[in-house]
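Here are some exercises to work through with the model open beside you. Try each task before reading its solution.

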Amino acid sequence: MATANVPDYLHPDSIRTGLSRRKMLDQVFVIVGLVLMFACLGVLAVLFMNLVLDGSERFGWDFFTNFPSRRAERAGILGAWVGTSLIMLVTAFCAVPVGVAAAIYLEEYAPKNWFTAIIEINVTNLAGVPSIVYGLLALGLFVYQFGLGQSIAAAGLTLALLILPIVIVATRESIRAVPKSIREAAYGLGATRWEVTKDHVLPYSTGGILTGMILGLSRAIGETAPIITIGALSFIAFLPSSPITSEFPFISFQWLNDPFTAMPIQMFNWVSRPDQAFQANAAAAGAILLGMTLLMNAVAIWIRYRFRKKINW
Amino acid sequence: MASTAATTSNDLVSRSGLRYRKIRDRIVETFLLAAGLVAVFTTLAIVVILLTESAAFFEHVSLKDFLTDTMWTPLFADAHYGILPLVAGTLTTTIVALIVAVPVGTIIAIYLSEFASHRLRETVKPILELLGAVPTVVYGYFALTAVTPLLQMLMPELPGFNMLSAGLVIGLMIVPYVASVSEDAMRAVPRYMREGSYAMGATRLQTALRVVVPGAFSGLAAAFILGISRAVGETMVVAIAAGMQPNFTFDPREQAATITAYIVQVSLGDLPHGSIGYQSIFAAGLVLMLITLIFNVIGFSLTRKFREAY
């Protein structure tokens with residue numbers, strides 16, 4: 001018979017069993033993939049629930065209006081959230097203009113040469129530098145060389161450098177998404193490069209820039225290591241001086257030089273105490289911190305989605 | 001005359017207006033370039049600060065002691081300056097983290113890129129990225145209060161601080177990075193290669209493993225390197241869950257300080273500027289940067305060697 005010369009593995013039966021085995025492996029992989037994926041997503045839920053449950057007894061108005069205390073049930077996060085808010089103000093104020101300007105330069109102005117390549121490589125590399133190294137940089141440069149001391153200004157600048165690559169990359173992407181035809185139309189009418197950028201490219205890329213800014217700040221808000229390195233105090237029972245004063249000129253920048261604490265520092269301080277009662281404080285602070293981070297990310301995703309939907313080239 | 005009236009009435013087209021606009025353009029460009037240079041100066045500043053402070057450190061400590069001594073006790077009366085225990089701690093937590101992150105991240109990436117529907121992918125990816133946005137101090141709390149007790153149920157003799165739980169949580173933390181970068185790399189493999197494979201009768205899994213993964217290998221290597229850099233530089237999780245006692249061991253069940261945890265420990269105290277303890281954190285930071293650099297160089301050469309051009 002003709003089939004006698006056919007090797008075993010080409011026999012219809014063995015092909016069929018091989019095929020069904022391969023199809024089964026396919027199904028097994030689908031299940032493994034789904035399980036792992038949902039396990040990871042489940043961890044996010046477990047993480048949040050864990051914090052909320054552990055910290056449940058601390059949630060309350062007092063927690064936000066009390067300073068840290070030696071008694072766990074009376075310790076609050078007043079100094080921490082005020083500190084974090086002020087640091088974020090400094091960070092946003094420094095990182096956003098510089099980051100957006102650098103991105104505009106790289107996308108719209110920079111000639112294609114080795115010099116531009118150096119800037120680009122630097123941005124990429126900075127994104128991969130461990131955050132604690134930024135803390136060391138800030139300790140040597142801001143705290144001692146510039147004499148800023150262990151202040152809100154030093155912390156804000158440190159985090160600004162840390163998120164600069166995030167802002168630059170996000171802004172570049174959204175600028176790149178603006179079609180060339182729009183630029184060429186404006187150039188055709190005699191606009192200069194800056195006019196094209198300011199009046200046409202930037203308005204269209206606002207969504208992407210906002211997204212990058214919020215994502216950068218959400219990274220900065222949770223960063224602990226660099227701020228510890230520059231010497232944040234974890235026990236602070238006073239607030240930085242107020243930015244608004246009753247005397248002329250009504251605005252004061254004294255707060256920039258004040259010592260501070262921040263949310264993640266406060267949480268770390270409570271976590272590392274041996275007294276179990278403080279773990280609840282840590283969990284409550286963590287829940288608030290995580291809640292803020294997730295909220296900022298959600299806003300960023302929403303903005304990206306809205307702007308994408310609104311613009312049809 | 002009509003023409004002069006027109007030019008003076010609209011200074012956008014007048015010659016002086018044009019000159020003004022061109023000068024403004026140059027000024028703006030200078031400012032933008034200055035902003036771009038901030039990135040270059042940051043890198044330079046990092047290098048200069050780490051090198052100068054480390055140089056001061058190595059005036060007191062010989063390089064030989066630094067690299068061969070197996071004790072790290074710079075703040076004790078009997079000071080030893082051997083970096084090996086800290087490097088061992090860093091490598092151990094990193095390896096534990098990679099054992100979790102590489103397989104899990106790659107499988108999720110393969111699933112999302114080759115099996116998942118468009119809608120599932122677009123829904124899951126942002127949520128997965130949220131996992132990468134969680135503050136690391138929160139992960140540290142999770143490792144100490146949830147993962148360690150869980151592990152202690154399986155291994156009763158496990159101490160409260162251990163590198164195993166810290167490493168596992170770091171692994172979990174870098175899964176989104178690995179998955180996201182690998183998925184992008186696999187999606188860049190052209191469609192016709194998959195179709196060729198399907199036409200030969202391969203299943204989706206066979207296509208994924210034998211065509212797509214080899215085709216995207218350079219991208220996968222980049223993803224792993226990104227994960228390694230993250231794990232090496234991770235600070236808060238190890239500082240909270242792995243303990244801060246330098247311990248020359250590669251056994252993940254023990255407690256040990258990493259390079260980053262040591263820097264945190266010193267920073268928590270109040271060290272005078274210019275003291276040997278102060279300088280030692282910069283030397284530790286320099287070693288951290290060198291380790292990151294070594295992995296990046298390896299990654300870069302891998303990426304070049306296995307790059308597929310389509």
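Keep in mind throughout that this is a predicted model.

**Exercise 1. Transmembrane spans of chain A**

Find where UniProt places the feature "transmembrane region" in chain A, then describe the span 78–106 and the span 282–303.

Solution. Begin with the record: the unreviewed UniProt entry puts the feature at residues 28–53, 78–106, 126–146, 152–171, 220–239 and 282–303 of chain A. Next, look at residues 78–106 of chain A, which are 100% helix and 0% strand, with 41 Å between the end C-alpha atoms. Finally, residues 282–303 of chain A are 100% helix and 0% strand, and their end C-alpha atoms lie 31 Å apart.

**Exercise 2. Annotations on chain B**

Do the corresponding job for chain B, and then turn to the annotation "domain: ABC transmembrane type-1".

Solution. In chain B, the unreviewed UniProt entry gives "transmembrane region" at residues 31–51, 83–112, 124–144, 164–186, 207–228 and 281–302. Take residues 31–51 of chain B to start with: the span is 100% helix and 0% strand, and its end C-alpha atoms are 30 Å apart. For residues 124–144 of chain B, the figures are 90% helix, 0% strand and 28 Å between the end C-alpha atoms. Now the domain annotation: according to the unreviewed UniProt entry, "domain: ABC transmembrane type-1" covers residues 87–299 of chain B. That stretch of chain B is 78% helix and 0% strand, and its end C-alpha atoms are 20 Å apart.

**Exercise 3. Domains within each chain**

Work out how chain A and chain B are divided into domains, and what lies between the domains of each chain.

Solution. For chain A, the assignment gives domain 1 at 2–56 and domain 2 at 61–310. The centres of these two domains of chain A, taken over C-alpha atoms, are 42 Å apart. Their contact joins 5 residues of domain 1 of chain A to 7 residues of domain 2 of chain A. On the domain 1 side in chain A, the residues are 3 nonpolar, 1 polar and 1 charged.

For chain B, domain 1 is 2–60 and domain 2 is 84–306. Here 38 Å separate the domain centres of chain B, again over C-alpha atoms. Domain 1 of chain B contributes 6 residues to the contact, and domain 2 of chain B contributes 8 residues. The domain 1 side in chain B has 3 nonpolar, 2 polar and 1 charged residues.

**Exercise 4. The contact between the chains**

How many residues of chain A are in contact with chain B, and which helix of chain A supplies the largest share?

Solution. Count the contact: 67 residues of chain A meet 69 residues of chain B. On the chain A side, helix H1 (residues 12–55) gives the largest share, with 16 residues. Sorted by class, the chain A side has 45 nonpolar, 18 polar and 4 charged residues.

**Exercise 5. A pair of helices in chain A**

Describe how helix H4 (residues 114–128) of chain A and helix H6 (residues 152–176) of chain A cross.

Solution. We need two quantities, since packed helices are described by the angle between their axes and the distance between the axes. The axes of H4(A) and H6(A) come within 8 Å and cross at roughly 125°. H4(A) and H6(A) are therefore oblique to each other. The crossing of H4(A) past H6(A) is left-handed. On H4(A), the contact is made by A:Val123, A:Leu126 and A:Ala127, and on H6(A) by A:Leu164, A:Pro165 and A:Ile168. By class, the contact of H4(A) with H6(A) has 6 nonpolar, no polar and no charged residues.

Definitions and conventions. Residues are numbered from 1 along each chain as its sequence is written. Chains are lettered from A and ligands numbered from 1 in the order in which they are written. This is a predicted model: local features need pLDDT of at least 70, side-chain atom pairs count only at pLDDT 80 or more; totals for chains, interfaces and linings use all residues. UniProt positions are given in the numbering used here, feature names are shortened, and annotations may be inferred rather than shown by experiment. Helices (H or I, at least four residues) and strands (E, at least two) are DSSP runs, numbered from the N terminus. Domain bounds come from an automatic or database domain assignment. Two residues are in contact if their C-beta atoms, placed from the backbone, lie within 7 Å. Ala, Val, Leu, Ile, Met, Phe, Trp, Tyr, Cys and Pro count as nonpolar, Asp, Glu, Lys and Arg as charged, and the others, Gly among them, as polar. Axes are lines fitted to C-alpha atoms, for helices over the stretch in contact, and angles run from 0 to 180 degrees between N-to-C directions. Angles under 35 degrees count as roughly parallel, over 145 as roughly antiparallel, 65 to 115 as roughly perpendicular and the rest as oblique. A crossing is left-handed if the near helix is turned anticlockwise from the far one by less than a right angle, and right-handed if clockwise.
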